[in-house]
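Trainee: I would like to learn how to read a structure like this one. Could you take me through a few features?

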Amino acid sequence: MRLLEKSYGLMICRVFRTYSTVPERPAAKRKVVGILGGGITGLSAAYYLVKQYGDKVLPLVFEKSDRVGGWVKTVVTDKGSRYEIGPRSIRPAGIRGMNTLDMVQDLGLHKDLLYVEKTHPTAQNRYIYLGGKLIRLPNDIKVLYKKTEPFKRPLFWSVLRDIIRFRKKGTDDSIYNFVKRRFGFEIAEYLIDPLIRGICAGDARDISVKFLMKDMFEHEQKYGSVVLGHLLSRFGKQPCTLSEDDKTIGFSDVALASLSGNWSIWSLEQGLEALPKALEDYLVNKNNVQVLKSVNVDRMRFSRDLKQVDVTYEILGDVKRADTITCDHIISCIPSTSLARLLRQTKPSHPDLWKVFCNIESESLQVTGLTYTESEVMNDAFGFLVPSCEQSVDGLLGIVFDSNVFPQEQNTVISVMSKPGLGINEIKGLVSKTLGIHREPHDYLIHENPECIPQYTVGHYEKVQALRNYIIYAKLPLSIAGASYDGVSVNDCIYSARQIANNIVNFKLDFQNS
Ligand SMILES: C=Cc1c2[nH]c(c1C)Cc1[nH]c(c(CCC(=O)O)c1C)Cc1[nH]c(c(C)c1CCC(=O)O)Cc1[nH]c(c(C)c1C=C)C2
């Protein structure tokens with residue numbers, strides 16, 4: 001018997017002794033794919049491997065904590081308040097949004113779906129906190145010819161500026177510089193700066209336009225203007241750019257319903273964590289998949305012929321034990337800096353590789369959920385964002401009015417998004433200053449998310465391509481997926497996992513002949 005099968009069987013017995021189940025393992029020649037991380041990307045990678053290759057593959061998920069889902073986490077407190085620690089809603093837009101809804105249906109979660117239509121006030125209105133007050137951003141055509149707060153001139157002038165301005169060829173730029181160059185200072189400062197804070201809690205002056213606002217970048221390159229490019233690509237004939245795999249996405253009843261029902265965002269009755277939990281249930285019911293929780297992978301070693309990887313991990317718990325399993329391939333779904341730490345210990349070492357992984361940094365974020373028993377906030381909004389030029393509310397990035405979107409009985413539930421380290425009194429001060437809520441909250445929960453949002457700085461696109469090319473040329477049995485590389489939203493993570501899992505045959509893992 002091959003080392004792989006021996007050690008796999010042995011390992012399963014050891015690990016599962018702790019969990020008091022010993023699954024049967026047929027000794028067929030199967031490919032063992034180690035998946036680092038049991039967050040939404042890791043679980044999705046295992047899901048798509050099973051969908052694509054059935055029992056020709058043995059996905060083995062290594063998760064450090066005692067739960068799956070990573071940043072997708074719903075907490076219900078003793079007083080019954082429900083808070084989302086990470087993402088709280090998902091957009092059904094585009095091929096990636098459709099793909100997630102296909103998965104939701106396949107997992108049987110469609111009956112628990114909650115959704116909001118695009119005509120709902122919370123989907124229409126956007127607020128920013130500027131000059132010590134809340135300002136509703138204009139959302140109708142009048143803004144083009146009428147001066148509307150916070151802008152000093154009608155936006156017609158910004159549109160004109162974009163149309164007549166020369167294109168800057170080829171190179172990536174920060175979103176802030178790009179928008180300031182094409183549309184002027186005010187659009188960059190009052191629209192883009194807060195929006196980027198809402199998406200990646202980062203600074204629009206650092207974030208790559210080519211990566212995060214690819215359409216805008218491409219419109220400038222192709223048509224010399226973002227506005228013209230947008231109009232021409234909407235009304236002109238566009239060649240179909242979908243891959244064969246993409247063409248299979250979006251045919252589930254739920255995906256189709258989201259289109260015909262004009263959905264803006266959706267969530268799940270029990271909170272978004274129901275999604276990773278359902279994925280875990282799906283996977284553990286397959287007898288060729290293992291989801292190992294409370295295990296810390298601390299070393300890897302590539303074999304000389306680069307056909308296998310020995311993964312050494314520690315089983316966390318009262319009595320710590322180490323073990324090693326041989327995998328045919330690794331899909332890393334952990335943050336790039338965690339992978340860098342692991343690759344640093346890996347033999348043979350590839351310093352050119354792990355040093356680049358170190359370079360994809362992440363921002364930390366504090367999310368504080370607060371519950372009030374009475375109606376406390378204006379009900380026509382999703383929340384508000386704070387542009388970085390607003391100095392009066394230090395540390396505050398914005399507040400989301402969760403219960404306006406998905407009501408929680410009669411309560412008002414809000415989430416304060418801030419830099420980490422703010423105590424409850426500081427948070428209450430910020431809520432009182434911005435929203436005029438002086439009442440004590442009935443319940444609250446402070447949660448710090450260390451290094452949770454990757455920062456796609458200028459050049460990110462090329463950096464990720466270079467990483468993937470290096471891995472291919474060095475013939476490493478490794479793939480990388482997830483938010484560090486392919487986008488921050490849940491849709492991005494799931495789609496990234498799908499692409500990696502479906503393309504794993506390119507890594508000489510010939511499932512057909514095994
Ligand atoms: C939990 C914190 C998160 C922050 N960003 C994200 C999460 C999960 C990811 C994210 N946020 C937004 C998007 C794009 C659109 C989408 O898929 O929903 C993504 C991927 C947008 C967004 N986030 C907030 C708001 C109000 C918006 C909408 C902006 C708009 O459409 O105008 C809330 C918010 N999220 C974060 C912060 C700091 C923040 C501030 C209120 C971080």
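**Strands, sheet, ligand and domains**

Mentor: Start with one pair of residues: Asn-296 has Glu-314 in E11 as its bridge partner. Helices (H or I, at least four residues) and strands (E, at least two) are DSSP runs, numbered from the N terminus. Residues are numbered from 1 along each chain as its sequence is written. This is a predicted model, in which local features need pLDDT of at least 70, side-chain atom pairs count only at pLDDT 80 or more, and totals for chains, interfaces and linings use all residues.

Trainee: How many bridges join strand E10 to strand E11?

Mentor: Two strands pair if DSSP finds at least two bridges between them. Here E10 (residues 295-302) and E11 (residues 309-315) run antiparallel and are joined by 7 bridges. The hairpin they form has 6 residues between the strands, and Leu-306 takes a positive phi near 60° there. E11 also pairs with strand E12 (residues 321-327), antiparallel over 7 bridges, with Cys-327 in E12 as the partner of Val-309. In that second hairpin, with 5 residues between the strands, Gly-317 has a positive phi near 150°.

Trainee: Which order do the strands of the open sheet have?

Mentor: The 7 strands follow the order E7-E6-E15-E16-E17-E14-E18, with mixed pairing. Strand E7 (133-136) and strand E18 (443-454) are at the edges with a single partner strand each, so one side of each lacks a neighbour in the sheet. At the E7 edge, strand E6 (residues 127-130) pairs with E7 in the antiparallel sense over 4 bridges, and Leu-130 stands opposite Lys-133.

Trainee: What surrounds the ligand?

Mentor: A residue counts as near a molecule if its C-beta atom, placed from the backbone, lies within 6 Å of it. The ligand has 20 residues around it, the closest being Gly-198, Leu-397, Gly-398, Met-417 and Ser-489. Helix H7 (185-200), strand E14 (362-372), strand E15 (383-385) and strand E16 (396-400) each supply at least two residues of this shell. H7 gives the most, with 4 residues.

Trainee: How far apart do the centres of domain 1 and domain 2 lie?

Mentor: Domain bounds come from an automatic or database domain assignment. Domain 1 is 3-70 + 273-360 + 457-507, and domain 2 is 121-235. Their C-alpha centres lie 38 Å apart. With contact defined as C-beta atoms, placed from the backbone, within 7 Å, 6 residues of domain 1 are in contact with 10 residues of domain 2.

Key. Two residues are in contact if their C-beta atoms, placed from the backbone, lie within 7 Å.
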